[in-house]
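This report describes selected features of a protein model, beginning with how its helices are arranged and ending with its sheet. The sequence and structure are shown first.

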Amino acid sequence: MARTPQSSRTESGTPGTPPGGRAGTGRRPLLAVALALAVAAAVAAALSGWSWYGAAHDDDASFARTRDTVLAAAEQAVQNLNTLDHSDLDHGLDIWESSTTGDLHTQLTQGRADFAKQVQQAQTTTTAKVLSGAVTELDTRTGKASVMVALRITVQAPKQQPAVKESRMLGELTRTASGWKLSALGQAPTGESDSGTVPSGTATPAPTATTPKPTASH
């Protein structure tokens, strides 16, 4: 007598399904969705954090570049205003005016004729070398900056030995359409008398009415 093939039914009565095989099948899709959402949230947080870090880093880099630009402009302008050759007076005074803006520029242009006369009579040649400089305050929003520049100034008068002095100067700069320019310049207070003797007719301009004050802010 032929045997009838047996069914592959399990004890639960469902073919090919082990006992208890349906217990938790509904939870697996929910778990997968939860994991996907967690991963997406982590990726979004990482991207957001990186974006914030990158923006902050860009701001710092931009500020540093502006500070370097301001310092270079300040050192050059202060050196310009302490350099003048009586034999090339007009050219030197033109450089003075192109290096300045605001009240300082007005002071120099208005007193140009009188100052030129004094230098011609004294026949002095003044040169300056920047020893060091620092930006002590910078406001990129308003376009204002303060600097301190240390100089070695040499004045040569006829039939005299060159007179050399070291000086610290405080300056204020203003951002203009053609770059950063000096808007005020004056001697930094030292509490000590300056070394060396500079003959009359030196090329150093008188401080403006609003001499900048030193500050430690950045």
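## Helix crossing

Helices α2 and α4 cross in a right-handed sense. The model is a predicted one, and the geometry given here was computed from it. The axes of α2 and α4 come within 11 Å of each other, with a crossing angle of roughly 135°. Helices α2 and α4 therefore count as oblique to each other, because an angle must be over 145 degrees to count as roughly antiparallel.

Side chains from these two helices also meet, in an aromatic pair and in a group of salt bridges. These contacts are taken in turn below.

## Aromatic pair between the helices

One aromatic pair is found in a search of the whole structure. Its members are W96 and F115, whose ring centres lie 5.3 Å apart and whose planes stand at 45°, so the pair is tilted. The tilted class applies because planes under 30 degrees apart would count as stacked and those over 60 as edge-to-face.

The pair joins distant parts of the chain: W96 belongs to helix α2 (residues 89-98) and F115 to helix α4 (residues 112-122), with their positions 19 residues apart in sequence. W96 and F115 are both buried.

## Salt bridges centred on R112

Salt bridges in the structure number 4. One of them brings together the side chains of R112 and D90, with an N to O distance of 3.6 Å. R112 is in helix α4 and D90 in helix α2, 22 residues apart, and this pair links distant parts of the chain. A second acidic partner of R112 is D94, for which the closest N and O atoms are 2.9 Å apart. With D94 in helix α2 and R112 in helix α4, this salt bridge ties together parts that are 18 residues apart in sequence. R112 also forms a salt bridge with E97, where the closest N and O atoms are separated by 3.1 Å. Here too distant parts of the chain are linked, R112 lying in helix α4 and E97 in helix α2, 15 residues apart. Through shared partners, the salt bridges join D90, D94, E97 and R112 into one network.

Which members of the network are buried and which are exposed? R112 has a relative accessibility of 19% and counts as buried, because the cut-off for a buried residue is under 20%. E97, at 18% relative accessibility, is likewise buried. D94 is partly exposed at 41%, whereas D90 is exposed, with a relative accessible area of 53%.

## Sheet architecture

The model contains an open sheet of 5 strands in the order β1-β2-β3-β4-β5, with antiparallel pairing. Its edge strands are β1 (84-85) and β5 (179-187), each of which pairs on one side only. In general, the strands of a sheet pair through backbone hydrogen bonds, in either a parallel or an antiparallel manner.

At one edge, β1 runs antiparallel to strand β2 (residues 125-139) and is joined to it by 2 bridges. Within this pairing, L84 stands opposite T126 in β2. Strand β2 pairs in turn with strand β3 (residues 144-156), in the antiparallel sense and over 13 bridges. A134 has M148 in β3 as its bridge partner. The hairpin of β2 and β3 has 4 residues between the strands, and G143 in this hairpin takes a positive phi near 75°.

## The β4-β5 edge and G186

At the other edge, strand β4 (residues 163-176) runs antiparallel to β5, and 8 bridges join the two. L170 stands opposite G186 in this pairing.

How buried or exposed is G186? G186, which has its place in strand β5, is buried, with a relative accessible area of 1%. The C-alpha atoms of G186 and R168 are 8.8 Å apart, while 18 residues separate G186 and R168 along the chain.

Note on methods. Residues are numbered from 1 along each chain as its sequence is written. This is a predicted model: local features need pLDDT of at least 70, side-chain atom pairs count only at pLDDT 80 or more; totals for chains, interfaces and linings use all residues. Side-chain values use heavy atoms; hydrogens and water are left out. Two strands pair if DSSP finds at least two bridges between them. Rings of Phe, Tyr and Trp (its six-membered ring) pair if their centres lie within 6.5 Å; planes under 30 degrees apart count as stacked, over 60 as edge-to-face and the rest as tilted. Buried means under 20% relative accessible area, exposed over 50%, partly exposed in between (1.4 Å probe, protein chains only). Axes are lines fitted to C-alpha atoms, for helices over the stretch in contact, and angles run from 0 to 180 degrees between N-to-C directions. Angles under 35 degrees count as roughly parallel, over 145 as roughly antiparallel, 65 to 115 as roughly perpendicular and the rest as oblique. A crossing is left-handed if the near helix is turned anticlockwise from the far one by less than a right angle, and right-handed if clockwise.
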